[in-house]
Amino acid sequence: MLTPEENELLTRVTGDAPMAKLMRQHWTPVCLMEEVAEPDGKPLRVEVLGESYVAFRDTKGRLGMLDELCPHRKASLVYGRNEECGLRCLYHGWKMDVDGNVVAMSSEPEGSPLMDKVKARSYPVREWGGFVWAWLGDKDEMPEFQAPAFAPEEDTPVSILKIRVPANWAQIHEGQIDSAHSSSLHSSNMVPARVEGASADDKSWYRPSTDKSPRMQTETTSYGFHYAAIRKPIKNSATHNYLRITEFVAPYYSLIPPNNNYKVASVIVPINDDETAFHFIAFGGPNVPSTEEWRKFAHAVPGVDVDHKWRTVRTLENDFMQDRERMKEGHFTGVDGIPNEDIVMWVSMGSRVQRHTDTLGASDLAIVEFRRLMADAAKKVAEGGTAIGTDSDVPQANIASHEGVYPKEVDWRTLVKPTGATQAAE
């Protein structure tokens, strides 16, 4: 349970809020590469941490990100002309290149000295793992970009779905790191089966356990924390445990235990205090589905399940299109798609949960750890300290989640890289 003051620290991500400052000390995944793929294409409004930017790819294929509003009279550059290696404001014809240099001032006299005095604020960007990453902090303190665990190599197969969710980033992260809920909420999609380990096909995910009440153990790391959900397996339950080990890499993503065909991650980026860009990722396995297959499997297809701004068609107003007749026939939620089932829960809580009023149980140990860890991390930044994960001694590319059936004497901590672990709790 958090106090109302700690909840504010955890959930406020705009302006000078400590959590916003914390996040700006990390490279931030601000949009998908596919959203800005076309040279001289439509400029993209990028909304993150309560601010608005404009991203565009110029005639030569170079990517730029600037403040959304033109430095002249503050009209939006999202509606500008992307042409001849620059973004031209419609209002008076001022044109900026990908570095923010003003290269044309149609409204000013030829040779005006103003051109050398004005510059649009630009942001360093890097394309990797299907995302455009931007550095939103002080350029003098910008670290080298580090490949994320879900794309350790530039050619790692990655398929991403995106949904804009009207809920705060923290309750979405709590949902993603909560192993216990999957045995109930996703029970029609994550089906118990006599398999050797987690498996998947184009219809469902399968697990070797019917246990809905896992025991939880956590361990803090220099980059966040990891934890094990320990369940009884279907086979050999007297001598073995079914282990699912999840990794939280602060502040933006989690690695969910893999299946036999691909690995899974979620990337969660605050748009503002009450909205979040949620990304669900399949990556790095022998049979990674294509982007189209992944979005179809999860019922997150653009133009069908989400609109052109990634907003889901399933909302509070239409009761998330829940099918009660289908529930009577045996489907647990009456909602199609694993992420959509989660979204029903996240949005139904209200845009920002008041955590001092909820009631936690033994299965919520990972939630307790996340809240404690990130509230303390925000306090540290508020006091002038560095952000969690920025001084980690563990390359993110070496971090991996894990799952499997093991003899009871096996300590789950030996199955993941221990480097960077600083504290353990049970």
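**Helix 1, helix 9 and a three-stranded sheet**

Mentor: In this predicted model, E6, L9 and L10 of helix 1 meet F370, R371, M374, A375, A378 and K379 of helix 9.

Trainee: How many nonpolar, polar and charged residues are in that contact of helix 1 with helix 9?

Mentor: Six are nonpolar, three are charged, and no polar residues take part.

Trainee: At what angle do helix 1 and helix 9 pack, and how far apart are their axes?

Mentor: The angle is about 80 degrees, and the axes lie 9 Å apart. Angles from 65 to 115 degrees count as roughly perpendicular, so that is the term for helix 1 and helix 9.

Trainee: Which residues of helix 1 are buried?

Mentor: Helix 1 covers residues 4-11, and its buried residues are N7, L9, L10 and T11.

Trainee: And what covers those buried residues of helix 1?

Mentor: The cover includes helix 9 (365-382), along with helix 2 (18-23) and helix 4 (169-176).

Trainee: Switching to the sheet. What order do its three strands have?

Mentor: The order is 2-3-4 in an open sheet, and the pairing is antiparallel.

Trainee: Which strands are at the edges?

Mentor: Strand 2 (44-48) and strand 4 (63-67) are the edge strands, each pairing on one side only. From one strand to the next, the twist averages 30 degrees.

Trainee: How many bridges do strand 3 and strand 4 pair over?

Mentor: Five, in the antiparallel sense; strand 3 spans residues 51-57.

Trainee: What stands opposite F56?

Mentor: G64 in strand 4 stands opposite F56.

Methods: Residues numbered from 1 in each chain as written. Predicted model: local features only at pLDDT ≥ 70, side-chain atom pairs only at ≥ 80, totals over all residues. Heavy atoms only, no water. Buried < 20%, exposed > 50% of the residue type's maximum accessible area, 1.4 Å probe, protein only. Helix = DSSP H or I, 4+ residues; strand = E, 2+ residues; numbered from the N terminus. Contact = heavy atoms within 4.5 Å. Pairing = 2+ DSSP bridges. Axes fitted to C-alpha atoms, helices over the stretch in contact; angles between N-to-C directions. Parallel < 35°, antiparallel > 145°, perpendicular 65-115°, else oblique. Nonpolar A, V, L, I, M, F, W, Y, C, P; charged D, E, K, R; others polar.
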